[in-house]
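Happy to walk through this one with you. Have a look at the sequence and the fold, and then we can ask what justifies each label.

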Amino acid sequence: MSILYRDARLCTLAGPTGWGLVDDGAMLVDGGTLRWLGPAAALPAGLPVEREHRLGGALVTPGLVDCHTHLVYAGQRADEFEQRLRGASYAAIADAGGGIAATVRATRAASEHELLAATRQRALALLRRGVTTLEIKSGYGLDLDHEARCLRVARRIGELLPLSVRCTCLSAHTLPPEYAGRADDYIDAVCAWLPRLAGAGLVDAVDAFCEHIAFDAAQVARVFDAARAAGLPVKLHAEQLSDQGGAQLAARHGALSCDHLEYLGPQGVAAMAAAGSVAVLLPGAFYFLRETRLPPVQALREAGVAIALATDHNPGTSPTLDPLLMLNMGCTLFRLTPEEAVRGMTVHGAAALGLRDRGRLCAGQRADFVAWPLEHPNELCYWIGQQPACRVYVAGEEA
Ligand code: DI6
Ligand code: FE
């Protein structure tokens, strides 16, 4: 079915810089792919158009890519939020058995059906707010069966909703209680699961948490070697609370992305630039943990490292389902320009997932796009908590 969309202001992001605005634009979609786009006045004659749809002067951007979420979990951690407001640190709460471990207990206790229902609601909220490609991590199961369950739920979301879902195995998220004092044994176990989870078609990438409250660089390196042996790309929660040299390690393994990065140093920046790893910045977690150390945005820019933004949705450090709020915070907290922020949740978010077929509007790309009741794309970063009533199109069809 070929569909001609017209009467839109296109924000194509087609070039390396600039919004790529096209006024009075038209787009021809066929087989879920953009075949032609440009000013309506330049529409070639004789295009095969089976259906025509007017977008009422809407601003059209590429579909948003939320490249870092922990969407599969049960329960909530509002009590920890209160404890932190009274002065407890995230690390101290984790050391006392709370934090990620608290969500692991709740997640293990939930049924797969409950996990699916809760995750579906969250994914649907993101879809309604313009997200067309979504990464979902495991990491609240932390044994083979529970990790497999979380990854099955993530996969199922991509079948139930008109969204592209990428599933990331984050079994090296924290040490589960049954392995207390035996972190290296747990890493051995994770390395043994990986080929099985991958063989079941449940994993698109492998992630780990490199931090003093999680795993050290040598342990992460073993997980990454197992990922490579299973033919899977890697990414890393790196330098979130301290500089562990995680970004350099990840870059040596050709990481798709390094994420968080508040404590990233010059050597980490250089390593990421050389490896072409994307810097995924997560202002929701920075804000919610009331962090003060800023990621080195200017150094990343100067080194030519692509910067992405994501929600990092999770119950401990970023309980948001609001992608546009992340764009706003990317600008206000991290001093990104609005164009950098929007690229961060489109073309660079896609790159952080290894996807080159989306994130821009140009011929040959997937026809994932969003029609917004806005005049200019900088408004995506400007309104706070307004949720403009957008229409979301996935592979050329309204979702
Ligand atoms: N860093 C984070 O911000 C999340 N995971 C991670 O490695 C937090 C996960 C949680 O607190 O539940
Ligand atoms: Fe995260």
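The questions below take the metal site, the ligand and several individual residues in turn, all in a predicted model.

Q: What makes H68, H70, H237 and D312 the protein donors of the iron ion (ligand 2)?
A: Donors are N, O and S atoms within 2.8 Å of the metal. The NE2 atoms of H68, H70 and H237 and an OD atom of D312 lie 2.1 to 2.3 Å from the iron ion, so they meet that cut-off.

Q: Why is the arrangement around the iron ion (ligand 2) called irregular?
A: A tetrahedral label needs all angles between 85 and 135 degrees. The four donor atoms subtend angles of 82 to 168 degrees, which makes the arrangement irregular. For reference, ideal angles for four tetrahedral donors are 109.5 degrees. Water is not among the atoms, so sites may look incomplete.

Q: How are the donor residues of the iron ion (ligand 2) spaced in sequence, and what does the pair H70 and D312 tie together?
A: The spacing reads H-x1-H-x166-H-x74-D. H70 sits in the loop between β5 (64-66) and α1 (78-85), and D312 in the loop between β12 (307-309) and α12 (323-332), so the pair ties together parts that are 242 residues apart in sequence. Both H70 and D312 are buried.

Q: Which residues are closest to ligand 1, and how do you know that Y140, H173 and T317 make polar contacts with it?
A: Ligand 1 is surrounded by 14 residues, the closest being R77, Y90, Y140, H173 and T317. A polar contact is a pair of N or O atoms within 3.5 Å. A polar side-chain atom of Y140 lies 2.6 Å from an oxygen atom of ligand 1, and one of T317 lies 2.8 Å from an oxygen atom of the ligand. For H173, the partner is a nitrogen atom of ligand 1, at 2.9 Å. These three distances fall within the cut-off, so each pair counts as a polar contact. As for cover, the protein takes up 100% of the 320 Å² of accessible area that ligand 1 has on its own.

Q: Why is R343 called buried?
A: Buried means under 20% relative accessible area. R343 has 6% relative accessibility, so it counts as buried. R343 belongs to helix α13 (residues 338-344), and a polar atom of its side chain lies 3.0 Å from the backbone oxygen of G15. Leaving aside neighbours within four places in sequence, the contacts of R343 include L13, P16, T17 and H348.

Q: What makes L13 buried and R335 exposed?
A: L13 has 0% relative accessibility and therefore counts as buried. Exposed means over 50%, so R335, at 62%, counts as exposed. L13 is in the loop between β1 (2-11) and β2 (21-30), while R335 is in the loop between α12 and α13. Each has a positive phi in a residue other than glycine: near 55 degrees for L13 and near 65 degrees for R335.

Q: How do you know that L261 is buried, and what is it in contact with?
A: Its relative accessibility is 0%, so L261 counts as buried. L261 is found in the loop between β10 (257-260) and α9 (266-275). Leaving aside neighbours within four places in sequence, its contacts include A238, M272, V280 and P295. L261 and V280 are 19 residues apart in sequence and 7.9 Å apart in space, C-alpha to C-alpha.

Q: Why does E135 count as buried?
A: E135 has a relative accessible area of 0%, so the label is buried. Its place is in strand β6 (residues 131-137). Among the residues in contact with E135, beyond four places in sequence, are D66, H68, R166 and K235.

Q: What makes C362 buried?
A: The cut-off is under 20%, and C362 has a relative accessible area of 18%, so C362 is buried. It lies in the loop between α14 (347-352) and β13 (369-372). Not counting residues up to four places away in sequence, C362 touches L34 and L37.

Technical notes:
Residues numbered from 1 in each chain as written. Chains lettered and ligands numbered in written order. Predicted model: local features only at pLDDT ≥ 70, side-chain atom pairs only at ≥ 80, totals over all residues. Heavy atoms only, no water. Donors = N, O, S within 2.8 Å, 3.2 Å for Na, K, Ca; no water. Tetrahedral: all angles 85-135°; square planar, octahedral: opposite > 155°, others 65-115°. Helix = DSSP H or I, 4+ residues; strand = E, 2+ residues; numbered from the N terminus. Buried < 20%, exposed > 50% of the residue type's maximum accessible area, 1.4 Å probe, protein only. Near = heavy atom within 4 Å. Polar contact = N/O pair within 3.5 Å; in protein donor to acceptor, adjacent residues only side chain to side chain. Areas by Shrake-Rupley, 256 points an atom, 1.4 Å probe, with all protein chains shown as cover. Contact = heavy atoms within 4.5 Å.
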